[in-house]
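Colleague: Could you take me through one part of this model in some detail? I would like to follow a single helix and what surrounds it.

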Amino acid sequence: MSDTPGYELPFLLFGGFRTLIDRLHAELALRGHPDVRPSYGFAMQAVGVQGATASEIGRRLGVSKQAAGKTVERLEALGYVERADDPADARRKIVRLTAHGVDVLRKSAEIFDELRADWVRTVGAERIAALENDLRAVVGPAAYRLDAAGWLSG
């Protein structure tokens, strides 16, 4: 049995997450994306490569259609997404990533690789691999959920 109090684990996990996300956004700002916020990354992932309606984005994020619509409006104003007519249903609009949106996601992936490499240099490749494997075992498929914003605000 460990002498470490149970409440420390979620704080350490969140601290690791926060450290990665803060460093990601500082680097994105240097690489031409100063306006990106953490919630925008989740939203652009919810849009996906095929595009999505505001309702679909809201469901994927765990927020209302109205909240998703506000985020889409902000992303559209920043040039990360665009709305287009749905070829299957003229009554619907599809939100699609623009080249600027694809660029920020590509750069995010590159930066996350760099940040992981920093962690490997700090604690070693074996420990990072073990940490990732342990987290996969504990978290399972829920690790890739996009509804963090809705969960945190709800």
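**A close look at helix H4**

Modeller: Happy to! In helix H4, the buried residues are Ala68, Gly69, Val72 and Leu75. These four cover an arc of only 125 degrees around the axis, which puts them on the same side of H4. Please keep in mind that this is a predicted model.

Now for the helix as a whole. H4 runs over residues 65-77, 13 residues in total. From its first C-alpha to its last it reaches 18 Å, close to the 18 Å expected at 1.5 Å a residue.

What lies over the buried side? The cover of the buried residues of H4 includes two helices, H2 (38-47) and H3 (54-61), along with two strands, S1 (81-86) and S2 (89-97). Turn to the face of H4 that points away from the buried side, and you meet Gln66, Lys70 and Ala77, which are exposed. So one side of H4 holds Ala68, Gly69, Val72 and Leu75, while the face turned away from that buried side carries exposed residues.

Finally, have a look at what comes after the helix. H4 is followed by Gly79, and the phi of Gly79 is positive, near 85 degrees.

If you want to compare with a single buried residue elsewhere, try His25 in helix H1 (residues 8-30). His25 has a relative accessible area of 16% and is therefore buried, the cut-off being under 20%. Apart from its neighbours within four places in sequence, His25 is in contact with Val36, Arg37 and Pro38.

Definitions and conventions:
Residues are numbered from 1 along each chain as its sequence is written. This is a predicted model: local features need pLDDT of at least 70, side-chain atom pairs count only at pLDDT 80 or more; totals for chains, interfaces and linings use all residues. Side-chain values use heavy atoms; hydrogens and water are left out. Buried means under 20% relative accessible area, exposed over 50%, partly exposed in between (1.4 Å probe, protein chains only). Contact means heavy atoms within 4.5 Å. The expected span of a helix is 1.5 Å times one less than its number of residues. The arc is that of the directions from the helix axis to the C-beta atoms.
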